[in-house]
Amino acid sequence: MPQHPPCLTLRHVRYAVGSARSPQGLKEILRSVDLTARSGEVTVLLGPNGAGKTTTLSCAQGLLRPSQGSVTLLGENPFRAGAELRARVGVMLQDGGMPQSVQPRALLHHVASLHQNPWPVDDLVARLDMGDFLRTSIRRLSGGQKQRVALAASLLGRPEVVFLDEPTAGLDPQSRQTVFELIGELREMGMGIILTTHLLEEAQKLADSVFILKDGEVVRHGSVAELTGASGTGSGASPGAARRMLFTASRTLTHREISSAPVSIELDGGTDNAPGAAWMTPSLTGPAQLRELAAWWELIDMMPVEVRMEARTLEDVFWEVSVS
Amino acid sequence: MSTTHAPLAPAPRPAARRILSHGLYETRNVLRNGEQLLVSLILPLLVLFGAHRLELITSAATPSIDVITPGVLALAVMASAFTGQGIATGFERQYGVLAYLATTPLGATGLILGKAIAVLAVVIVQVVVIGTAGMVLGWSPEPVGLLWLGVVVVLGATAFTALGLLLAGTVRAEATLALTNVIWVLLGAAGGSVFPLDHEGAGALLLLLPSAALGEGLRTASLEGSFPILEALILAGWAALAVLAARRWFNWR
């Protein structure tokens, strides 16, 4: 399948605050970020708190000027963007960016008035189920309601690229599902979607491409399949580290037996070391290890009750990166 | 969401319409905001009526309504341009509104021009309301001076808006709230806006304050019917300095 064209490219982006001469010194928020997002795809930025996700988005949106490196958004430098480019880009900030004393209805109509061909406000209101609180001042809305207003505002101009910083934070499960369905539809329409989220399960379902940041750097990137090793390729994925294996022991294992296992094994989900306990190998590097495990079962004279292979998840990769 | 809208390409409205739209949006927000109305209209009207009552009671010791009315106009302009815009912008900055609007087709320049339109619209309302109240109380400005009064009001609004934005863009919203109110009260009480300053000695130096330049300029225009060149230059200087400083130090987030 042909690749979609890039809508956003960051090359060696570095962002620092402070000064080398000040007592606090220079603080590097982004050390080196390389990232490409494509139209018609969902690009997800993951990372622990303080990893630099929001700063990366701010540089990409033209709100911050990188100390070094280059940003290209729809073929232009967003920091010098004119109204033409800004009309093609939708932004939902992490803190919403909503005036507190204004009603959502007034705000949405105002933002729509800045665009030549805005999405009908009523369409978005209905889609995001905002009818009940359109005339309530934003100050009085719940966190989830504010999120929906900010999301609607970001989409009003029918953008080609939309940045969504934690779009589902504070949403109930039903609203979260609505938002993720909407994001899927926007992708089908050819929009480039760049989002941050802490919901790894949803990210795994939605993402065409994932960038994991840590300490201001992209430490892993690729498709979900590449990152979890399902494809056997991808940055940072061990070749073939596609699976974890679970087996149910028919009896209690001794310490000596556990330590003699050919690969590291651990109890899954906090179960006790007893007959029927589920044991897990975090990752298998290849079929040879399966043979070794079978030989080990023979050696300790234990026939598993059940053996199951599972693909690694994005959450596994995320935790692996976070603790490394 | 209807996909029948999808073929329409994203495009900005023409710049003038975006800026006008934002100006009207901001004006509506100010006029619907009770606290802003209190500071911009109700308090200046109370000062006008209070000073007039004082004049009736102690006649010779207080300035006449012809002196007080342009002074109260200066106080009102400072309230809407400096205190009102400073506080509103400070909190918009804190809540990320400025950053968000800067990413829309409005952009940073459109945002500032839209705010300028809102300030001018509110100032027009203030001039009409306070001017009418002053005339009811006996204010009789020189007819030709009303034209110069309009020019000085615009200059004063520009200088104080720039000063308010400078404060809003450099300190926390809560500090902006406190500072703009305290400065407004000080400049209103002793800064030469409502009551004329002594033009000799130390008082002459205070004439360099933007509040004094605005108050003196409005009084010269309405009482003498002439254009106050020196005061206009002082206000233009403050405006230029504040704009330059804001360009240098204003933080959008």
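1. A good place to start is chain B, where the axes of helix H5 (residues 107-136) and helix H6 (residues 145-168) come within 11 Å and cross at roughly 130°. Axes here are lines fitted to C-alpha atoms, for helices over the stretch in contact, with angles from 0 to 180 degrees between N-to-C directions. H5(B) and H6(B) are therefore oblique to each other, that is, outside the ranges under 35 degrees (roughly parallel), over 145 (roughly antiparallel) and 65 to 115 (roughly perpendicular).

2. A word on the source: this is a predicted model, in which local features need pLDDT of at least 70, side-chain atom pairs count only at pLDDT 80 or more, and totals for chains, interfaces and linings use all residues. Residues are numbered from 1 along each chain as its sequence is written, while chains are lettered from A and ligands numbered from 1 in the order in which they are written.

3. Which residues of H5(B) meet H6(B)? Ala116(B), Val119(B), Leu120(B), Val123(B) and Val127(B) do, against Val153(B), Ala157(B) and Thr161(B) in H6(B); contact means C-beta atoms, placed from the backbone, within 7 Å.

4. Now to the two chains together: 34 residues from chain A and 29 residues from chain B take part in their contact. On the chain A side, helix H2 (83-87), strand S5 (89-92), helix H3 (104-112) and helix H4 (121-127) each supply at least two residues. Helices (H or I, at least four residues) and strands (E, at least two) are DSSP runs, numbered from the N terminus. H2(A) gives the largest share, four residues.

5. Finally, confidence: chain A has a mean pLDDT (the predictor's confidence in each residue, from 0 to 100) of 88, and 94% of its residues reach 70 or more. Over residues 234-240 of chain A, the pLDDT is below 50.
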